[in-house]
Number of protein chains: 2
Amino acid sequence: MGGPRFEPVRAVRAYERVVEQVEEAIESGALSPGGRLPSERELMTQFSVSRSTVREALRVLQARGLVRSRHGDPHGAEVLPFSPAALHKSMTTLARVEELSLAELVQFRMVLDAAAILLAARLRTEEQLAEMSAAVARMRAAAERDEAAFGAADVDFHDAVVRASGNKLIQICTDVVRSIVLKLISERIAGAPDREALMRRSIRHHEEVVAAIRAGDGPLAARLSRKAMYDYYAGYVPESERGALRALLE
Amino acid sequence: MGGPRFEPVRAVRAYERVVEQVEEAIESGALSPGGRLPSERELMTQFSVSRSTVREALRVLQARGLVRSRHGDPHGAEVLPFSPAALHKSMTTLARVEELSLAELVQFRMVLDAAAILLAARLRTEEQLAEMSAAVARMRAAAERDEAAFGAADVDFHDAVVRASGNKLIQICTDVVRSIVLKLISERIAGAPDREALMRRSIRHHEEVVAAIRAGDGPLAARLSRKAMYDYYAGYVPESERGALRALLE
DNA sequence: ACACATTTGTACGTATGTATG
DNA sequence: GCATACATACGTACAAATGTG
């Protein structure tokens, strides 16, 4: 009993060790966004591997959104600034494969948007409040005239809110989930017969939310935002799953 | 004005088109988990590309968690069941690159866990409630004796809650963020002088949450869980950022 | 504007260790 | 144990793209 507890040795591929080292260099800050990796041939010699191995590693790093390489660029692969693209990709995959239902996605947004609004009501500056107000004004101006502008103003509003909340993770996740939801139902939204009524109601809801944020009543603003999102999206969710959404409306 | 709006043609690499086609086959269901891709040589001929191109595509698909290839396996790469591993990886990268602060991560968990508990209070079955109760009992049994078991029981509790909530996206995200937070502060937790007091308080909080869920009082359960998480983690968050956490405690 | 050297993208061949039947 | 098919890794070769003088 006792004795040395040996770890099972998983056969680690050559390209993985290249990936690990480059990843470490990037995450530790030794390589920063805008910087360049050595050329592929240089990497071959530094890691003592073949070019194919180097290239497989580069493809993995590229898939993770850490670097980008361009055909013929003599400077080598470019280290990218952080972007939620990889997060977006993996969440989209989960959603596409029916692993995630529309109801779950909408519910997720109801939770996170409400939280962002609750935080924004307490932490916002006057300037941020003005941005929200301006975005709602743009929604009103665009309604019944330019649906794309209406959607863009809506995005601007939620973006201003989530920035005021001060939580980048909430910002990223709501961004990602919003675009996935829109992709899932965009054709149905465009063809909705009561589209204009939905927009008018949405604008009224947004105005109420802004008023509550201005008054500093976070819980009210959060409740209103959940209700607004339910009203806007519930029609696209199968009836059997709407109960789960209503559970958030108390 | 008007006229055909031509899309800019980005030079798409050969390996990307291989990735796209395989991805499409998987996400459309033509290839299901457990199934096998053709061998690399077979893929060469089917796509009319070289071996290196096939391999770069496979590395990307592997990085996205869609397939796994094993050295020497005569059956070809295996199509994997969908897992949040890729999501986990990209979120971890975000956190490691200091793009996300500990306060933001804890705040995110306060929001999502509270939401899961609110939903669980309304949607849970008797069996799920029993699971939560059993997990808290294990926490109590393990306290002051086996810290690893205490942590495991804690995880079991939150897992039972989030399963009862019925939202897989919340489940995935809380899982991911929890493990990231733990990794960030694990050494500090292990060395905390008041470790036992923290555990006792945590157990009491969990019991109160279970009681509220049993009583069907979702808002109370959610409030209690936010408070519990704040009490447990606030000590590790810099003072200047604790205000953002307290903003969730109303 | 043009030619140049360098780099990436892709193809092909070969050697070696591995998993399956 | 053995034969077979396979993935891993290396090396070479050439076309296409890029940056520079």
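Visitor: How many salt bridges does the rule find across the interface of chain B and chain A?
Guide: In this predicted model, a pair counts when a side-chain nitrogen of Lys or Arg lies within 4 Å of a carboxyl oxygen of Asp or Glu. One pair that meets this rule is Arg59(A) with Glu56(B), whose side chains come together at 3.6 Å, N to O. Across the whole interface of chain B and chain A, the number of salt bridges found is 12.

Visitor: Which residue of chain B forms a salt bridge with Arg55(A), and why does the pair join two chains?
Guide: The closest N and O atoms of this salt bridge are 2.9 Å apart, and a search of the whole structure finds 41 salt bridges over all chains. Arg55(A) lies in helix H3 of chain A and its partner in helix H3 of chain B, so the pair joins two chains. The partner of Arg55(A) is Glu56(B).

Visitor: How many residue pairs are in polar contact between chain B and chain A, and which helix gives the most to the side of chain B that touches chain A?
Guide: Counting pairs with both residues at pLDDT 80 or more, there are 19 residue pairs in polar contact between the two chains. On the side of chain B that touches chain A, the elements giving two or more residues are helix H1 (14-27), H3, helix H4 (85-96), helix H5 (102-123) and helix H8 (168-190) of chain B. With 10 residues, the one that gives the most is H5(B).

Visitor: How much area do chain B and chain A bury between them?
Guide: The contact draws 51 residues from chain B and 50 residues from chain A. Of the area buried between the chains, 66% is on carbon and sulfur atoms. The total buried between chain B and chain A is about 4800 Å².

Visitor: How are the two copies related, and what RMSD results when chain B is laid on chain A?
Guide: Chain B can be laid on chain A by a turn of 180 degrees with a shift of 0.1 Å along the axis. The two copies are thus related as by a two-fold rotation axis. Moreover, 98% of the interface residues of chain B are also interface residues in chain A, so the copies meet through the same surface. The RMSD of laying chain B on chain A is 0.2 Å.

Visitor: How many residues surround DNA strand D, and what share of the strand atoms within 4 Å of the protein belongs to sugar and phosphate?
Guide: The surroundings of DNA strand D comprise 27 residues, the closest being Ala14(A), Ser50(A), Thr53(A), Arg70(A) and Arg51(B). By class, this surface has four nonpolar, 12 polar and 11 charged residues. Among the atoms of DNA strand D that come within 4 Å of the protein, the share from sugar and phosphate is 71%.

Visitor: Which side chain has an N or O atom 3.0 Å from a phosphate oxygen of DNA strand D?
Guide: Helix H3 (51-63) of chain A, along with helix H2 (40-47) and helix H3 (51-63) of chain B, each supply at least two residues of the surface near this strand. A side-chain N or O atom of Arg13(A) is 3.1 Å from a phosphate oxygen, while a polar backbone atom of Glu40(B) is 3.2 Å from a phosphate oxygen. The side chain at 3.0 Å is that of Arg55(B).

Visitor: Which helix gives the most to the surface near DNA strand C?
Guide: DNA strand C has 25 residues around it, of which Arg41(A), Ala14(B), Ser50(B), Thr53(B) and Arg70(B) come nearest. Helix H2 (40-47) and H3 of chain A, as well as H3 of chain B, each supply at least two residues of this surface. With three residues, the helix that gives the most is H3(A).

Visitor: Which residue places a backbone N or O atom 2.5 Å from a phosphate oxygen of DNA strand C?
Guide: The side chain of Arg13(B) brings an N or O atom to 3.1 Å from a phosphate oxygen of this strand. A polar backbone atom of Ser50(B) is 2.7 Å from a phosphate oxygen. The residue with a backbone atom at 2.5 Å is Ala14(B).

Definitions and conventions:
Residues are numbered from 1 along each chain as its sequence is written. Chains are lettered from A and ligands numbered from 1 in the order in which they are written. This is a predicted model: local features need pLDDT of at least 70, side-chain atom pairs count only at pLDDT 80 or more; totals for chains, interfaces and linings use all residues. Side-chain values use heavy atoms; hydrogens and water are left out. A residue is near a molecule or strand if one of its heavy atoms lies within 4 Å of it. A polar contact is a pair of N or O atoms within 3.5 Å; within protein, one must be able to donate a hydrogen and the other to accept it, and residues adjacent in sequence count only if both atoms are side-chain atoms. Helices (H or I, at least four residues) and strands (E, at least two) are DSSP runs, numbered from the N terminus. Ala, Val, Leu, Ile, Met, Phe, Trp, Tyr, Cys and Pro count as nonpolar, Asp, Glu, Lys and Arg as charged, and the others, Gly among them, as polar. Contact means heavy atoms within 4.5 Å. Buried area is the accessible area (1.4 Å probe) that two parts lose on being put together, summed over both. Copies are superposed by least squares on the C-alpha atoms of residues with pLDDT of at least 70 in both.
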